[in-house]
Amino acid sequence: MDERDNFSWNVMLGGYAKAGFFDDALNLYYQMLWVGIKPDLYTFPCVLRTCAGIPDLERGRELHVHVVRFGYESDVDVTNALITMYAKCGDVCSARRVFDGIAHKDLISWNAVISGYVENEKCLQGLELFSMMQNRPVEPDVMTMTSVISACEVMCDMRLGMVIHGYVTKAGFVQNTSVGNSLIHMYAKSGKLEEAEQVFARMESKDVISWTAMISGFEKNGFPSKAVDAYEKMKLEGLEPDEVTLASVLAACSCLGFLDVGIEIHERARKRRILSYPMVANMLIDMYSKCKCVDKAVEVFRRTSAKNVITWTSMILGFRINGRSFEALNVFRQMLFELPPNMVVLVVVLSACSKIGALMCGKEIHAYALRNGLASEDYLPNAILDMYVKCGRMELAKKQFKIHGSKDVTSWNIMLSGYARQGYGSLAVGLFSEMIEAGVDPNDITFLALLCACSGSGMVSEGWQYFNSIKQRYNITPNLKHYTCMVDLLGRSGHLKEAHEFIEKMPIKPDAGVWGALLNACRIHRHVDLGQLAAKSIFEMDSQSVGYYVLLCNLYADNGRWDEVARVRNLMRERGLFVDPGCSWVEVKGNVNAFLSGDESHPQIKEIYAVLNSFYARMRTEIPDFPGSSQADVIEMSKAEIFCGHSERLAVGFALINTTPGTPISVTKNLYMCSGCHNTVKFISRIVRREITVRDTEQFHHFKDGSCSCGDEGYWGRRV
């Protein structure tokens, strides 16, 4: 165009602004000034909305100066745009000053400042302004009422919310879809789903937002099945869900394990080209992870270009809950190159460190939290404490516990559980006394830790005292886990008959866990008949948990009943159940190394076997009855291979090669430790004069100078 007037410039400005090209719109405005075109009352509302969209408060203030300079400060359309700009940029004080300076306020002026207060969570001021509005010759409209209802929602003031509900009904706004949607959101957020459903049912016209509000309300209030049902009904109505709808339904599918519905939503999102929305991608990762399809979650993660903190957290958590903590740590390290982790990410990663005993990685995260001022934030202190406890470093845990500024019952429970796992029953009892003296009220988890500590240390009378005090002294109703601990306490100490009688007299129906504790006790003490009775009760309630089949196989194997072992293993195959392969992790120089049973792909496998074989040769020379020569030893090693895997030997051998002499070695494994591995590691600790710690699925084994902290009683296949 050769000649451009105000209209031409305003059209271009409006086009850029509506298309979301805010920077281009602002640049065009400054070009307009440069060529000498004076902005008019149509220019400023458009440019101010552009500043609000960015948002850019400094530019907005500069434009306010221009408004005054060009004499438009008294135009109500321009001042309304100024109010909106300041509110969107978070400066509600300036928005209110502009509002107060308007001589003739219209409805848009009132709505702009009321919604500005609500959007900036200054809801009380917004409601006060609404009250003032009642005494002015201005009638509220739909926008006014949606803002006021949103204020009640943010404040969680249901009493006022119900009053406003009555007001909109009387004023004739209740059938408006936007007002109805706001009411549904308000009631759903406060947990009043019955009222939300009533509003929804009475709406004559429902849009996508209406259905999404109900679906989200059901999901967030613990009714995921109703959320999925509402989604199915929405589809029957012919409405196309948006990204918020799909994210809410995916969250419900995650809770329910509805993989089929999740896959259908994934396909719908792909066809509608909304997989790029972070909320959809994040919920897909979460859904696949919780449905045990973590590889599908990885696919979604890799294809997500705009990863945010939640994306990374979802993937790390997905690996963690699927037992792939090693990969969780690798993803965390990748994340550090992309964006800084927040407190939630650190809690999840510390949990992964705890699972595989990655002490150095856990220490690095602790140091990162200290450097960035996060070490005392929310759940992080307890997560750090838990990491040290589960890595078996009770001295470090005690230091963290001591400096923990706001110890709650969870902090005490973590320490109690640590002492229980280490077999320090007397220390756990002493710590519990300190807890009571400190005025901290115990909860049900406290007594679980105490009973486990008593069980691991054979403290039967103390265990009975604590169990009886749960209800009598602390008014806590014992749950099935407490009864399980008592059965374990009695059974481990050899009181099998008393343990069985205890189960028979329980005031609540025992579950598979209670009978499983008895089965484990029967395995330890080789009581086949009672063990079979326990197994029969277990499989009537739970026929899919592999651990119970393994316990039964162990019981039969220890008593030489190999036909029964074969029968149980055939039953497992028929039901599609398999024992996880043995896997051990060892941390060397800050890197976690994983070893699977039978896996010879490690680059140093030849050196590892050479080191181990040298120890085996020396054991044959120094130990007269070294296993492996008789047929019975061959059978024993065969069954141990099934239930142990010997992966910890590879981890120990690797650590010996790659660390300096005298360095303590810490190994974590996913199965029980067998007698062969136990004796081997004992021997190695004596020869190399190193402390070696192995954390198996049940307890810690601290090897030093040829002896173990368990007293040779805490490994699989021990003779009683």
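**Aromatic contacts and paired strands**

Ring pairs link Y29, Y30, F44, F70 and Y72, which together form a cluster. The model in which this cluster appears is a predicted one. The points below turn to the ring pairs of the whole structure, then to two charged side chains that sit over rings, and finally to three strands joined by hairpins.

**Aromatic pairs**

- A pair of aromatic rings is described by two values, the distance of the centres and the angle of the planes.
- When the whole structure is searched, 22 aromatic pairs are found.
- One of these pairs is formed by W464 and F502, whose rings are 5.7 Å apart from centre to centre with 75 degrees between the planes, and this arrangement is edge-to-face.
- This pair links distant parts of the chain, since W464 belongs to helix α28 (residues 460-472) while F502 belongs to helix α30 (residues 496-504), and the two residues are 38 residues apart.
- The relative accessibility of W464 is 24%, so this residue counts as partly exposed, whereas F502, with a relative accessible area of 12%, is buried.
- Another pair is made by F595 and F654, whose ring centres lie 5.4 Å apart; because their planes stand at 55 degrees, the pair is tilted.
- F595 is found in strand β2 (residues 591-596) and F654 in helix α37 (residues 647-658), so this pair ties together parts of the chain that are 59 residues apart in sequence.
- Both members of the tilted pair count as buried, because the limit for buried is under 20% relative accessible area and the relative accessibility is 3% for F595 and 5% for F654.

**Charges over rings**

- K206 lies over the face of F200, at a distance of 5.1 Å from the ring centre.
- In a second case, the charged end of K226 is placed over the ring of F223, and the distance to the centre of that ring is 5.5 Å.

**Strands and hairpins**

- Strand β4 (residues 692-695) and strand β5 (residues 700-704) run antiparallel and are joined by four bridges, and in one of the pairings between them V694 has H701 of β5 as its bridge partner.
- The connection from β4 to β5 is a hairpin that passes through four residues.
- β5 also pairs with strand β6 (residues 707-708), again in the antiparallel sense, over two bridges, and here F703 has C708 of β6 as its bridge partner.
- The hairpin of β5 and β6 has two residues between the strands, and within this hairpin D705 takes a positive phi near 55 degrees.

Technical notes: Residues numbered from 1 in each chain as written. Predicted model: local features only at pLDDT ≥ 70, side-chain atom pairs only at ≥ 80, totals over all residues. Heavy atoms only, no water. Pairing = 2+ DSSP bridges. Phe/Tyr/Trp six-rings, centres within 6.5 Å; stacked < 30°, edge-to-face > 60°. Buried < 20%, exposed > 50% of the residue type's maximum accessible area, 1.4 Å probe, protein only. Lys NZ or Arg CZ within 6 Å of the ring centre and 35° of its normal.
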